[in-house]
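Hi everyone, thanks for making time today. I'd like to walk you through a structure that may be new to you, so let's put it on the screen.

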Amino acid sequence: MRPLTQEETNTFFEKLSKYIGENIKLLIDRQDGSYCFRLHKERVYYMSEEQLKIGSSAAGETLLSIGSCFGKFTKSGKFHLHVTALDYLAPYAKHKVWLKPSAEQQFLYGHHIMKSGLGRLTEDTEQYQGVIVYNMNDLPLGFGVAAKSTQACRNCDPMTLVVFHQADTGQYIRDEDTLT
Amino acid sequence: MGRKRVLDEDKPKKGPGRKTKKQPAPALKGLLGDGPKKLSHKQKQRQRKREEKQALKASVGAKRKAPAASNSRPTKKPKLLFDSDGDDDENLRSSDSEEEQMQDEYSEDDVLSDMDGEVAEKPPSMKKAKKKDKAANGAVAKKTKKQGKAGAKSKKAEVESESEEEEEEEDDDVEESDDDDDDDSDEEMDVEKASKKLIKKQKEDETLAQQELMLNIKSQEKFVLPSGQEVEKEAELPPDLAILDNRISHIRYVLAEFSERREDGRSRKEYMDQLCRDLCARFNYNEFLMERLIRLFPTEIMDFLEANEYPRPVTIRTNTLKTRRRDLGPMLIDRGVNVEPMARWSGVGLTVFDTKVPLGATPEYLAGHYMLQGGASFLPVMALAPQERERVLDMCAAPGGKSSYIAALMKNTGLLWSNDANRERCKAIVSNLHRLGVINSLVTNYDGRAMKKVFHSFDRVLLDAPCSGTGVISKDEAVKMNKDEKDILRCSHLQKELLLSAIDCCNANSKTGGYIVYSTCSIMVEENEWVVDYAIKKRNVKLVPCGLDFGKEGFVNFEQHRFHPSLRLSRRFYPHTHNLDGFFVAKLYKWSNKIPGEEDKKDKTEENGEDAAKAGDSEGKGKKSAKGDSSKTKTPESEKNTTPLKGKQKAAGKDSGTDTPSSQSKNKKKKGTPDKKQFQSGKAGDGKMKKAGFLAKKGFQNKKKGKK
């Protein structure tokens, strides 16, 4: 377990800012105690100081998870957000997408979102902007990337993809082993 | 469409007209033997009123035209006649004076002529004195008919005079109908006779059944145990459930009052062996397990075995970190899951009766709003009663159900260390904790026995030990066959080691905690009371009440075992009594970090171990105090030193915070703290320490350090 290097921090924050923008600040400067990001086995964990302190007594190989996992660095140095980060992304989300009940199940099985399943969409979403996906009851289901801007979404046919799937809560069951 | 209906053409009506329809079927009196119609209560009342009205009218009319009375009289006569019969009764019941008057007023000759009939009729009416009411009813019924007719006649025809012949005819009619009445009574007598016969027969049947029962009992008393050869023969054949059930109930019957019901020359052991064999064959257990179960439940064995055949209700636990039970319930009901709050003792459990959707794949489940969890696994966590900002260890955590409940009770504060020895199962913990939004967790994969070397300053430790699983046979049928003595003892040994390790991980000097909860899903004494008893002997711990107000007390004496009397405070849960999985929960309070055996020896090695432990402890605390106010967790040191307002406020806040959560655990704590103080002051042998209260802890530690 070690702190992130400058390069890693940049990559990581860049990715994160696609979803929550400048709200990253709120994750680091917290009123209720100090929290930090740590890298452990190529994965980024977000934890409190006390967890860090006590967790450091656990040996590297046996420590499986500490705090909440945000995602992992791939071998090529890119960063992948995991669905486990959803709890932090959802409250600070800048751009949101709401799904119709019919498309909800589709998304939870890992499919992209088509125009037909789109219930609502935040205004001024640009293309390739990270979006958090909700169902109509405002229950966060996962997140993805907007395939089209809000403007372009307005006049396209129902079968076009509007959001690319990245992570959904169904992965808790599907990818239990590889999740963290 | 089609042809237009011709409207001007009068269609001939088909079938009978309205009037014919209205007409009732012809009543053939006497021929068909139709009994008098029984009137309902309301009808009777109405009838009476009508009668009264008519009588009044008639009387008025009679008074008005007394000479012309004979005009209407003959038509009314039959009614009168009946009245005389019926009125007698009526007069007995209620004085209907008007009718009597009316009767008096009627012309004597008519009445006289009728008297014959009446006289002839009287004796039977006297006979049926008992059934007067019934007869009266019958009469009333007749009256209505006659009256109706008469009324119609008088109104419609208004015939001035009618011949005597007619009168006589009517009289005849009346007599006939009287006979009818008699017949009715006879019929009813028949019914009565029949009913009497029936009653008699029933009684006979009963006595016969009683005798048969006695015979049965006698045959039971004579029940013979199968001989050795028979048993061998039976062993080869596939088991016949009917025979087995029968024999099991017989043997249990005999055993209930052995001295009276037993077969001469057969010992109790023979019966017990046979019972054990039969139960094994009946429910597919191996003999070892069955023998143990019989010893555990001498009387309730059948209930227990039958409860194991059926699954326990599916329960889910609301994740209070993300939602509330009263929000979750309706949401699930909307999805087609029939749920209801679980039990009085749980505020987060929901019982699932039936469901149209897979419970483990609803969007709510995936969003971590609830956890599928057996009702029994709430219990150890409730007993542990973790507080906010504590350090809690769950030693055998997979798959994370109890761990997440602990985190929910701690409200995601402090630290939750979930450990499991099985790496594969650890993945489930990670996944579940993330899904349920637990952020204060730390998941490791150590052998529980090595945990004390990793970290040993926990406020509370939960040890849900791996066990033989004899309490959850309904979940895993394999347990019935694949457990033997060795397995149980192996489990027991491992559990003892784990429990000692768990106790070592717990810090007795903890301000709020120092508690260890030991639980298993086994019902074997070897895995439960025996293990706890061992720990009490080996470490400075004592049993405290679990804080669960139901469940059976743990065994203090069981067969050859004599346990510590405080084991009464542990709790056992059984499938047949609580409809939960078989479970054992014991809560221990650690009052000293010393290890008894090693303390006596005053070994050099022990000293080193202690020092190392202390060093580790103070290291952690040192870090904390260095951080000062920035960290939420405060050490006694910082509280003591920061005399200004801030520290005090914080302390007060914390106190109130710990006060609120559960009064029960607080009480325990209150009970617990004096012990701690006593122990500390006793050890330090210093009066000042006592005054300083719990702040003394740190001072004491410092002192020790200084000595070093």
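**A buried cysteine, a sheet and a shared edge**

Let's begin with B:Cys521, which counts as buried because it has 25 C-beta neighbours inside 10 Å. The cut-off behind that word is 20 or more such neighbours. Do keep in mind, as we go, that this is a predicted model.

Why start there? The UniProt record, an unreviewed entry, places the feature "active site" at B:Cys521. If you want to find it on the screen, look at the loop between β9 (515-520) and α22 (529-538) of chain B.

And what does B:Cys521 touch, leaving aside residues up to four places away in sequence? Its contacts include another cysteine, B:Cys467, along with B:Gly469, B:Gly471 and B:Val472. B:Asp581, B:Gly582 and B:Phe583 are on the list too, and so is B:Ala376.

Now let's move along chain B to a sheet. This one is open, has 4 strands, and reads β2-β3-β1-β4 in order, with antiparallel pairing. At its edges are β2 (337-341) and β4 (370-372) of chain B, each of which pairs on one side only. On average, neighbouring strands here are turned by 35° against each other, direction ignored.

Let me zoom in on one pair. β1, residues 314-318 of chain B, meets β4(B) in the antiparallel sense, over 3 bridges. Within that pair, B:Ile316 stands opposite B:Leu372. As a quick reminder, strands of a sheet pair through backbone hydrogen bonds, either parallel or antiparallel.

There is a helix to go with this sheet. Helix α14, residues 325-334 of chain B, lies across β1, β2, β3 (349-355) and β4 of chain B. Relative to β2(B), α14 runs at about 155°.

Last stop: the place where the two chains meet. How many residues does each chain bring to the contact? Chain A brings 34 and chain B brings 27. On the chain A side, the elements giving two or more residues are α3 (49-55), β3 (63-66), β4 (68-73), α5 (101-108), β10 (140-146) and α7 (171-174). The largest share there, 6 residues, comes from α3(A). By type, the chain A side divides into 13 nonpolar, 14 polar and 7 charged residues.

Strand pairing turns up between the chains as well. β3(A) is joined by 3 bridges to β7, residues 441-444 of chain B, and the two run antiparallel. Look there for A:Ser65, whose bridge partner in β7(B) is B:Val443.

That's my tour, so thanks for listening!

Conventions
Residues numbered from 1 in each chain as written. Chains lettered and ligands numbered in written order. Predicted model: local features only at pLDDT ≥ 70, side-chain atom pairs only at ≥ 80, totals over all residues. Pairing = 2+ DSSP bridges. Axes fitted to C-alpha atoms, helices over the stretch in contact; angles between N-to-C directions. Contact = placed C-beta atoms within 7 Å. UniProt positions renumbered as here; feature names shortened; annotations may be inferred. Buried ≥ 20, exposed ≤ 12 C-beta atoms within 10 Å, placed from the backbone. Nonpolar A, V, L, I, M, F, W, Y, C, P; charged D, E, K, R; others polar.
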